[in-house]
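Student: Could you pull up the model so we can talk it through?
Tutor: Of course, here it is.

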Amino acid sequence: MLSPLQTSFTKVLSLTSDEALKRRFMVLDVPIQANMRFGLLLEVLDKVAEEAALNYVNQFFPDARVVTAAIDNIIIRHVTDMSRDVHFKARINHVGRSSLEIGIRVEQPGVPVRHIASCYFTMVARSGMGEGAVSVALPGLDYGEDIEQQRADKALQRRKEYKQQQARLNEPPSREEFQMLTDLHAAQDDPGFKGLLAGKLTADAWERMYPEQENVPKKIFGGYLIRRAYELSSICSEQIAPNRPIAAAVNRINFFHPVRMGDTLHYTTRVVYTKGSFICVEANIERISRDKTTKALSNSCLFTFVNVDDDLQQQPVPQVYPTNYGEDARYLMAHRSSQTLIAEGANDLS
Ligand code: GDP
């Protein structure tokens, strides 16, 4: 049996020595703070998680492949410093029947080391194609070291917490939450109301999937989809951010249905919630099959942005007002989901 340590995999983005690579990851070609394209970072993360998982799975099932099932919340601890390299240190934390949790520590070497984020991906190993694809039964790991056992326990804990959190999200509003929504509606009844309506703060985009984007046979690279979802969400958030919105956290990303070549994708993003300097944007990706017989939600993400000035100081964001039932539900969902993320992520990002 292998230990988690033996599943280690590291990817380095050589921003210090590869000018072309550095340029590819820049938001602007002038020296500004927080100049790293976060969407592209997400794309790399997904690829690293896939490679770390495949290295393990293919030792036992050479033809199997892995797909991303979910990305647990990611809190951004610091913005990326473009004058240092970026290291993605990946390792398998836990192996279930056919799923694996990959942990990735993103950091920048130097004194002191700069911790960008810690990320946890749930991947599933599959073999076969199309309708005939089945999940494979994976051999487990030997969690010999204390830290390995702790990480394996935490992986199971994260899964359990997510299920509990999902159950809580569907609960009716508490007395305080109900009051919060009532106040937001009452404000809109005022004849002088000038607030920003959630229903107006949206952005959408259409895209066709070409063979160029293919990752595993017939499916589309998940990292590409979340990058696109993030970039559109960022544009959407700019409609309400008085300064510059930058990524603060990814609340959770779920992959429900694989996207296939020839699919038409409809991305919809909406500002669902604001609090202090934070903005939550929900992004959904709907896939429409080439023969138009299947329409399904392939992906749903919730991103949290923080509005900052040129020196990365947090600046307030206006209140967003939900109007109808769906907007209320999304407001409440983001309110609940971002409580701890906002509290934890409220540190100085510089
Ligand atoms: P932790 O998960 O609470 O221990 O948080 P960390 O930020 O220390 O690490 C995040 C994840 O990155 C871990 O769960 C590991 O899967 C992985 N990881 C951490 N340190 C290393 C390392 O030195 N090498 C490799 N390959 N992976 C690491």
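Student: Is leucine 28 buried or exposed?
Tutor: Leucine 28 is partly exposed, at a relative accessible area of 43%, where buried means under 20%, exposed over 50% and partly exposed in between, with a 1.4 Å probe and protein chains only. This is a predicted model, in which local features need pLDDT of at least 70, side-chain atom pairs count only at pLDDT 80 or more, and totals for chains, interfaces and linings use all residues. Residues are numbered from 1 along each chain as its sequence is written, and side-chain values use heavy atoms, with hydrogens and water left out.

Student: Where is leucine 28 found?
Tutor: Leucine 28 sits in the loop between α1 (19-25) and α2 (38-60); helices (H or I, at least four residues) and strands (E, at least two) are DSSP runs, numbered from the N terminus.

Student: Switching to the ligand, which residues come nearest?
Tutor: Arg105, Ser118, Tyr120, Arg151 and Lys154 come nearest, out of 13 residues around the ligand, a residue being near if one of its heavy atoms lies within 4 Å.

Student: And what lies 2.6 Å from an oxygen atom of the ligand?
Tutor: That is a polar side-chain atom of tyrosine 120, while one of asparagine 93 lies 2.8 Å from an oxygen atom of the ligand.

Student: Which element gives the largest share of the shell?
Tutor: The largest share of the shell around the ligand comes from β4, with 4 residues.

Conventions
Polar contact = N/O pair within 3.5 Å; in protein donor to acceptor, adjacent residues only side chain to side chain.
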